[in-house]
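Subject: Structure handover

Hi,

Here is the structure I promised to pass on. Have a look at it first, and then read my notes underneath.

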Amino acid sequence: MNYQKNDILCLRITDMGNDGEGIGKTEDGYTLFVKDAVIGDKVQVKIIKAKKSYGYGRLMEVLEPSPDRVEPLCPQARPCGGCQLQALSYEKQLEYKQNRVKSHLERIGGFSDIPMEPIIGMEEPYYYRNKAQFPVGRNKEGRIVTGFYAGRTHSIVETRRCYLGVLGNEEILNRVIDWMEENQVEPYDEKSGSGLVRHILIRYGFSSGEWMVCLVINGDKLPAKERLIRTLIEINGMTSITANVNTRRDNVILGEKILPVWGQTYITDQIGEVSYEISPLSFYQVNPLQTRKLYEKALEYAKLQGNEVVWDLYCGIGTISLFLAQKAKKVYGVEIVPDAVRDAKRNAKINGMKNVEFFVGKAEEILPKKRKSEGVYADVIVVDPPRKGCDRALLDTILEMGPRRVVYVSCDSATLARDLKYLCGDGGYRLEKVCPVDQFGMTVHVETICLLERK
Ligand code: SAH
């Protein structure tokens, strides 16, 4: 049949796509992608875009709910761009993530009989994020509002209670918005580029109980500063209030300059035994409880006895490096962002760790260079690259150095599968273990950690 825009049809959802959308087929084999429908639902759909063999549909009605369909906690779950899977039970979310990792390794990596460990899920799949960036604006009625962007747009879905974050965020948002209203502080308007407050960045140290509030402002002065301080420091654990200057007209949330407002310009948090200082600009894992489980897995896979030399590539602020340094002779970290390396060095210092060293630069340049000029060596190499995976030049250097073990931490199982294929193909490594770790409940993202052993 020839399907067209605005056609209405009924179908069963049988699969789920990479963005968490439901996928179903009509009886004559036409595939429809339906946002907000979950596996097992029978749905009525209106076609919003029709291609020859597939199309996109809007969910009109759930005719028969899937046995795995649940009521989202958040009333804004559907319009908000932050979550994709709230209507699916958490058990099914985990199953979906586990299957996706497995199928990428099979289809892209060419592996069979994959040594998969069961996915490590969260005990509490809500309230896990330690960081949130709330955009501020005005709604149609002219009131100051905050919330999250709707998927793929910059219209604000109003909410002060995000169920992925800590509940204490809400009280901070209430106080900041009240302060703005009482003192005529204007929210930023993207269209005209006028107004002051762009985003409210909040961070919370799960172990330390310390709060950080950073207002991202389109200017370099905060009016009625004392009143803002007075209201925020009533909150238990308030440790750092700052402003971040961002006068750009694009989508980048944070500018480079931090203005101290009250207290410290950073908070401290711990993962396991290791402490980290976090400033508004630092990268820090957003789910500290699951991060700890991930790093413990990394430690388990690395099988350190205390006399090993370890290279931690793509090391960020040195989180994995410091974790491994507790059990290794020496850890070298490589990271491309100079500020992150500065934080890494600082974190080594506050933890009194002397057996770590950090280098700024591209992993695929630093490691080959050091190998050539100094003959550096590794017992274990850990990589934790961004979504695009590792550069070929780096994989070649790893193969040439031939460490006993490679621990690969990945946030994109497709590029992971591609890289593992290269290392395990003629490369001389064997895939020993694979373990997905869910760091981001209610979203489609999943981390995976793998152990490779030299054959
Ligand atoms: N291992 C860290 C961070 C991993 S995120 C942690 O667990 O916290 C990936 C990191 O790789 C980012 O910090 C990014 O800045 C860095 N990066 C991206 N491309 C890189 C490259 N070519 N060489 C080295 N680091 C890179």
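Let's start with a side chain: is R292 buried, partly exposed or exposed? R292 has a relative accessibility of 38%, so it counts as partly exposed. Before you go further, please keep in mind that this is a predicted model.

**Salt bridges**

R292 has a charged partner: its side chain meets that of E296 in a salt bridge, at 3.0 Å from N to O. Both residues sit in helix 4, which covers residues 288-302, and they are 4 residues apart, or about one turn of the helix. E296 has a relative accessible area of 36%, so this residue is partly exposed too.

Elsewhere, salt bridges with shared partners link K35, D36 and R78 into one network. Within that network, R78 pairs with D36, and their closest N and O atoms are 2.9 Å apart. R78 belongs to the loop between strand 5 (54-64) and helix 1 (90-107), while D36 belongs to the loop between strand 3 (31-34) and strand 4 (42-50), so this pair ties together parts that are 42 residues apart in sequence. As for accessibility, R78 is partly exposed because its relative value is 42%, and D36 is partly exposed at 23%.

Another pair to look at is K92 with D68, where the closest N and O atoms are 3.8 Å apart. Here K92 is in helix 1 and D68 in the loop between strand 5 and helix 1, so the salt bridge ties together parts 24 residues apart in sequence. K92 comes out at 24% relative accessibility and therefore counts as partly exposed. If you want the total, a search of the whole structure gives 28 salt bridges.

**A charged residue without a salt bridge**

D312 is the one I'd like you to look at. You'll find D312 in strand 15, residues 309-313. D312 is buried but has no salt bridge, and the nearest side chain of opposite charge, that of K330, is 14 Å away. What is D312 in contact with, leaving aside its neighbours within four places in sequence? The contacts are I320, S321, V331, Y332, G333, V334 and V382.

**The second largest pocket**

This pocket has a volume of about 610 Å³. It is lined by 27 residues, and those closest to its centre are V136, G137, H154, I156 and E190. Which strands each supply at least two residues of the lining? They are strand 6 (131-138), strand 7 (144-149), strand 8 (156-158) and strand 9 (197-204). Strand 6 gives the most, with 4 residues. By residue type, the lining divides into 9 nonpolar, 8 polar and 10 charged.

**Three single residues**

V213 is in strand 10, residues 211-217. Its relative accessibility is 0%, so V213 counts as buried. Apart from neighbours within four places in sequence, V213 is in contact with I172, I200, L201, L232, M238, S240, I241 and T242. From V213 to P280 the distance is 8.5 Å, C-alpha to C-alpha, with their positions 67 residues apart in sequence.

V252 is placed in the loop between strand 11 (238-245) and strand 12 (257-263). With 35% relative accessibility, V252 is partly exposed. Leaving aside neighbours within four places in sequence, V252 is in contact with R198 and N246. The C-alpha atoms of V252 and P67 are separated by 41 Å, and the two residues are 185 residues apart along the chain.

K327 lies in the loop between helix 5 (319-325) and strand 16 (330-335). It counts as partly exposed, given a relative accessibility of 43%. Again without neighbours inside four places in sequence, K327 is in contact with L299, L304, Q305, G306 and E308. K327 is also 24 residues along the chain from K303, with 9.1 Å between their C-alpha atoms.

Cheers

Methods:
Residues are numbered from 1 along each chain as its sequence is written. This is a predicted model: local features need pLDDT of at least 70, side-chain atom pairs count only at pLDDT 80 or more; totals for chains, interfaces and linings use all residues. Side-chain values use heavy atoms; hydrogens and water are left out. On a 1 Å grid over the protein atoms alone, a cavity is a set of points where a 1.4 Å probe fits but cannot get out, and a pocket is an open set with protein on both sides within 12 Å along at least five of seven lines; lining residues have an atom within 4 Å of a point. Grid points are joined across faces, edges and corners, and a volume is the space filled by probe spheres set on the points. Ala, Val, Leu, Ile, Met, Phe, Trp, Tyr, Cys and Pro count as nonpolar, Asp, Glu, Lys and Arg as charged, and the others, Gly among them, as polar. Buried means under 20% relative accessible area, exposed over 50%, partly exposed in between (1.4 Å probe, protein chains only). Lys and Arg count as positive and Asp and Glu as negative; His and the chain ends are not counted. A salt bridge is a side-chain nitrogen of Lys or Arg within 4 Å of a carboxyl oxygen of Asp or Glu. Contact means heavy atoms within 4.5 Å.
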